[in-house]
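Thanks for coming, everyone. I'll put the structure up now, and then we'll walk through it together.

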Amino acid sequence: MIVRTVLGDVEPAELGLTLGHDHLLAYPPPDVEDPDLRLDDPQAALRELERFKAAGGGAVVEMTTVDYGRDAGALAAVSRAAGVHVVAATGFNKGKFADRLTAGRSAGEIAAWMVAEVREGVRRFAPEQPHAEGPGPRAGLIKASSSLDGAGPHERKVFAAAVEAHRATGAPISTHTEKGTWALEQAALFLEGGVDPQKVLIGHLDLKPDLPYLLEVAASGVNLGLDQFGKEKYLPDAVRVELVLGLVEAGHARQILLGGDMARRSYFHSYGGGPGLEHLPRTVAPMLLGAGLSPGQLDDLLRHNPRRWLAFDPS
């Protein structure tokens, strides 16, 4: 079993403290006009990774997709320079960004591209795609996304392709939910497709801070991404901590992954903002321990769960 990073395959135990869903570099399409969303400075990404490492961080799952300006070559460079593992994603963001690329392709064609990115290296999806790549570093996970309260026809194709690509490669799957909605339906699609739920991470569930709902999602066996830590405009971190404790008390400590999904300049110290990638190890981890989580349970959330989810047999 290995974890596939942008610098090659590593033993799962090498990851250390891992952010389960975050961003380092992104070049959004031209119709995304907010400059705060342009993470386009590799040196800023490097400085942010160095701060994360100094706080005890070991790995980042980087969820920027091809439709949102992924740059896996630059990710490899900053990973090497910082000494932090980075896992890159194949797949797509929600239809608002991805439909322009996926509309003219079948689920089988999309799946074949995903498989090639995991096995051979990342590559551009369309000739007109900006920041074209490939082949370059290999992707270590597959991403599928839905919109608010559902998935459009092209998003559903991506889910079908993700199932097919996972079955071909064994690579784990991570998802985008819009405000935590349609998570049960995502889980059902994967289970119906024969995907091991332990290889699935459903994202952004702390944007729907309803513990009974999260317990229902957890009952499917998938992993739960509580990945908005540090974004007080959506929810205080203290409430996220309560959600974590509720899930742990219900027996789901081995299904929770944490992150910050920091896709704005204003979240990065290196662009003059904060709280930065170091927020999870420096601030959130002590909060969880102070609220009653045991050190062993904290290690599950930050170390053991990410490596269990990310590890696969490439043969």
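Let's begin with a loop: where does proline 275 lie? It's in the loop between β10 and α9, with α9 covering 279-290. Before I go on, keep in mind that this is a predicted model. The bond to look at there is the peptide from glycine 274 to proline 275, which is cis, with omega near 20°.

While we're in that loop between β10 and α9, aspartate 261 is found there too. Its phi is near 45°, so we have a positive value in a residue other than glycine. Aspartate 261 also counts as buried, at 10% relative accessibility. Over in the loop between β7 (173-176) and α6 (183-192) sits tryptophan 182. Tryptophan 182 isn't a glycine, yet its phi is positive, about 65°. And tryptophan 182 is buried, with a relative accessible area of 10%.

Okay, on to the sheet. It's open, it has 8 strands, the pairing is parallel, and the order reads β3-β4-β5-β6-β7-β8-β9-β10. At the edges you have β3 (17-22) and β10 (256-258), each pairing on one side only. On average, neighbouring strands are turned by 25° against each other, ignoring direction. Packed on this sheet is helix α4, residues 107-119, which touches β5 (85-91) and β6 (141-145). The direction of α4 makes about 160° with that of β5.

Two pairings to zoom in on. β3 and β4 run parallel and are joined by 4 bridges, and aspartate 22 stands opposite glutamate 62 in β4. How many residues of strand β4 are buried? That's 6 of the 6, residues 57-62, so β4 is largely enclosed by the rest of the structure. Then there's β8 (residues 200-202) with β9 (residues 223-226), also parallel, joined by 2 bridges. There, leucine 201 stands opposite asparagine 223 in β9.

Now the inside. In soluble globular proteins, nonpolar side chains tend to be buried together. Here the largest nonpolar core has 82 residues, and the ones touching the most other members are Leu49, Phe92, Phe190, Leu226, Leu258 and Leu288. Phenylalanine 190, setting aside residues up to four places away in sequence, touches Phe159, Ala162, Val163, Ile173, Thr175, Val195, Val200 and Ile202. A second, separate core has 14 residues, including Met63, Ala89, Leu257 and Leu310.

Let me stay with leucine 258 for a minute. Leucine 258 belongs to strand β10. Is it buried or exposed? Buried, with a relative accessible area of 1%. Beyond its neighbours within four places in sequence, leucine 258 is in contact with a long list, including Thr18, Leu19, Gly20 and His21, plus Leu226, Leu280, Leu288, Leu301 and Leu302. Follow the chain 15 residues from leucine 258 to glycine 273, and the two C-alpha atoms are separated by 21 Å.

Two of those contacts, Leu301 and Leu302, take us to helix α10, where both are among the buried residues. Others on that buried list include Asp300, Asn305, Arg307 and Trp309. What's going on at leucine 301? It's the centre of a kink of about 45° in α10. As for span, at 1.5 Å a residue the 16 residues of α10 (residues 295-310) should cover 22 Å, and the end C-alpha atoms are 22 Å apart, which agrees.

That's my tour; over to you for questions.

Conventions:
Residues are numbered from 1 along each chain as its sequence is written. This is a predicted model: local features need pLDDT of at least 70, side-chain atom pairs count only at pLDDT 80 or more; totals for chains, interfaces and linings use all residues. Side-chain values use heavy atoms; hydrogens and water are left out. The expected span of a helix is 1.5 Å times one less than its number of residues. The bend at a residue is the angle between axes fitted to the seven residues ending there and the seven starting there. Buried means under 20% relative accessible area, exposed over 50%, partly exposed in between (1.4 Å probe, protein chains only). Two strands pair if DSSP finds at least two bridges between them. Axes are lines fitted to C-alpha atoms, for helices over the stretch in contact, and angles run from 0 to 180 degrees between N-to-C directions. Contact means heavy atoms within 4.5 Å. A nonpolar core is a set of buried Ala, Val, Leu, Ile, Met, Phe, Trp, Tyr and Cys residues joined through side-chain atoms within 4.5 Å.
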